[in-house]
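Visitor: Before we begin, I would like each label you use to be set against its cut-off, and each conclusion to follow from a value.

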Amino acid sequence: MTATATRTGLTLSGVTLRYGAGDTLVTALDDVDLTVEPGEVVAVAGPSGSGKSSLLAVAGALITPTEGTVAIGGTDVTAAGPARRTELRRTGIGYVFQASNLLPSLTARDQLLLVAHLAGRVTREHRDRAAELLDAVGMTAKADRRPHELSGGERQRVGIARALMNRPALLLADEPTAALDQQRGRDVVALLAEQAHARGTATVLVTHDEGLLDRADRVVRIRDGRMG
Ligand code: ADP
Ligand code: MG
C-alpha cells in the first residue's frame, strides 16, 4: 500500500442512488463525484429533499448506491461484503446526528466508554482517550452529567466526542446544529472543524443553514441530487 492510499479520506465516483421503482422511482443522487481529503471539512448545502441525507447514507456505507463507487480510507466500500461494511462502519466512520442520540441513563463520560465497551473490554487507554476527547470539546467539568442535565449544544459536543472515540477516518454530520440557536450552531461547527483539522479526520457536514458555511474548508451544493 502506498502512502497516498493510506491518506485517502472519502471518494465518491459517479454515485447514483434511486429509491423505489416505476411510478414511485426517485433519483436521490445523480452521478455525484466528491472527494474529501483527510483533515478537510466539506459542507454540503442544499434545500430540503435535495439528497443531502442520501449522500451521507451512501458515504457512510449505510446504503449501497445504485451505480458508482464509494471509497473510505482507501477501501472500496461498494465492493466489500456485508461483514466488511459493518466492520468499517463501526471502526472507520463516526456519525453525528441532528439530535445527539445520547442514551438518557449514561453520563457524558460513559457515552464515550460505551463505544469501547461494545467493541470489547474498556481499557485504561480508552479511559484516557475519553478524558482527552471530553477535554477537547470542553466538557471535562460536566463529564459526570447525564443528557437531561446538559444543554442542547453541550449534548452535541458530547456527540462529537463520542463520534471521534474510534479515531474514524471519516466523520459524517447530518444537520448537527438543527436543534440549536445560531450562536450555539456556529460553536458546534467550529468545534467540528477544529477537531477535523487537529485529527486529520475527513469530515462531511450537511446543513441547510447558509450562515454556517464559512467554517468549512469547502462548500459543495446539491440540488435535485446533482452536485454543482
Ligand atoms: P435531504 O436530506 O436533502 O432533505 P434526502 O436525501 O432525505 O434529502 O431525500 C432526497 C430525495 O429522496 C427526496 O425526494 C426524498 O423524498 C427521497 N427519499 C429519501 N429517502 C427515501 C426512501 N427511503 N424512500 C424513497 N424516497 C426517499
Ligand atoms: Mg436530510
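What follows is a conversation that goes through this model label by label.

Guide: This is a predicted model, in which local features need pLDDT of at least 70 and side-chain atom pairs count only at pLDDT 80 or more, while totals for chains, interfaces and linings use all residues. Residues are numbered from 1 along each chain as its sequence is written, chains are lettered from A and ligands numbered from 1 in the order in which they are written, and side-chain values use heavy atoms, with hydrogens and water left out.

Visitor: Why is S54 called buried or exposed, whichever applies?

Guide: Buried means under 20% relative accessible area, exposed over 50%, and partly exposed in between, with a 1.4 Å probe and protein chains only. S54 has a relative accessible area of 9%, so S54 is buried. The residue lies in helix α2 (residues 52–59), where helices (H or I, at least four residues) and strands (E, at least two) are DSSP runs numbered from the N terminus.

Visitor: Which side chain makes a polar contact with the side chain of S54, and what makes a pair count as one?

Guide: A polar contact is a pair of N or O atoms within 3.5 Å; within protein, one must be able to donate a hydrogen and the other to accept it, and residues adjacent in sequence count only if both atoms are side-chain atoms. The partner of S54 is the side chain of Y19, at 2.8 Å. Contact in the general sense means heavy atoms within 4.5 Å, and, not counting residues up to four places away in sequence, S54 touches L17, Y19, A28 and L29.

Visitor: How do you know whether T201 is buried or exposed?

Guide: The relative accessibility of T201 is 2%, and therefore T201 counts as buried. T201 sits in the loop between α7 and β8, and, leaving aside neighbours within four places in sequence, its contacts include P38, G39, E40, Q195 and A196.

Visitor: What can be said of the span of α7?

Guide: The expected span of a helix is 1.5 Å times one less than its number of residues. Helix α7 (residues 182–199) has 18 residues and reaches 26 Å from its first C-alpha to its last, close to the 26 Å expected. Its N-terminal end is capped by D181, a side-chain oxygen of which lies 3.2 Å from the backbone nitrogen of Q183, and α7 is followed by G200, whose phi is positive, near 70°. Among the buried residues of α7 are G185, V188, L191 and Q195, and the buried residues of this helix pack against β3 (41–45), α5 (124–136), α6 (152–164), β7 (170–174) and β8 (202–207).

Visitor: Why does P104 count as buried or exposed, and which residues does P104 touch?

Guide: P104 has a relative accessible area of 59%, so P104 is exposed. The residue is found in the loop between β6 (93–96) and α4 (108–119). Not counting residues up to four places away in sequence, P104 touches R146 and P147; the C-alpha atoms of P104 and P147, 43 residues apart along the chain, are separated by 5.8 Å.

Visitor: What is the sign of phi at D31, and at D224?

Guide: Most residues other than glycine have a negative phi, and most peptide bonds are trans. D31 has a positive phi of about 55° although it is not a glycine, and D224 has a positive phi of about 50°, again without being a glycine. D31 is found in strand β2 (residues 26–36) and, at 51% relative accessibility, counts as exposed. D224 is found in the loop between β9 (218–223) and β10 (226–227), and its relative accessible area of 55% makes D224 exposed.

Visitor: What makes an empty space a cavity or a pocket?

Guide: On a 1 Å grid over the protein atoms alone, a cavity is a set of points where a 1.4 Å probe fits but cannot get out, whereas a pocket is an open set with protein on both sides within 12 Å along at least five of seven lines; lining residues have an atom within 4 Å of a point. Grid points are joined across faces, edges and corners, and a volume is the space filled by probe spheres set on the points. The structure holds 1 cavity of 30 Å³ or more, while the largest pocket has a volume of about 470 Å³. Of the 20 residues that line this pocket, the closest to its centre are R90, V115, L118, R162 and N166, and α4 gives the most to the lining, with 5 residues.
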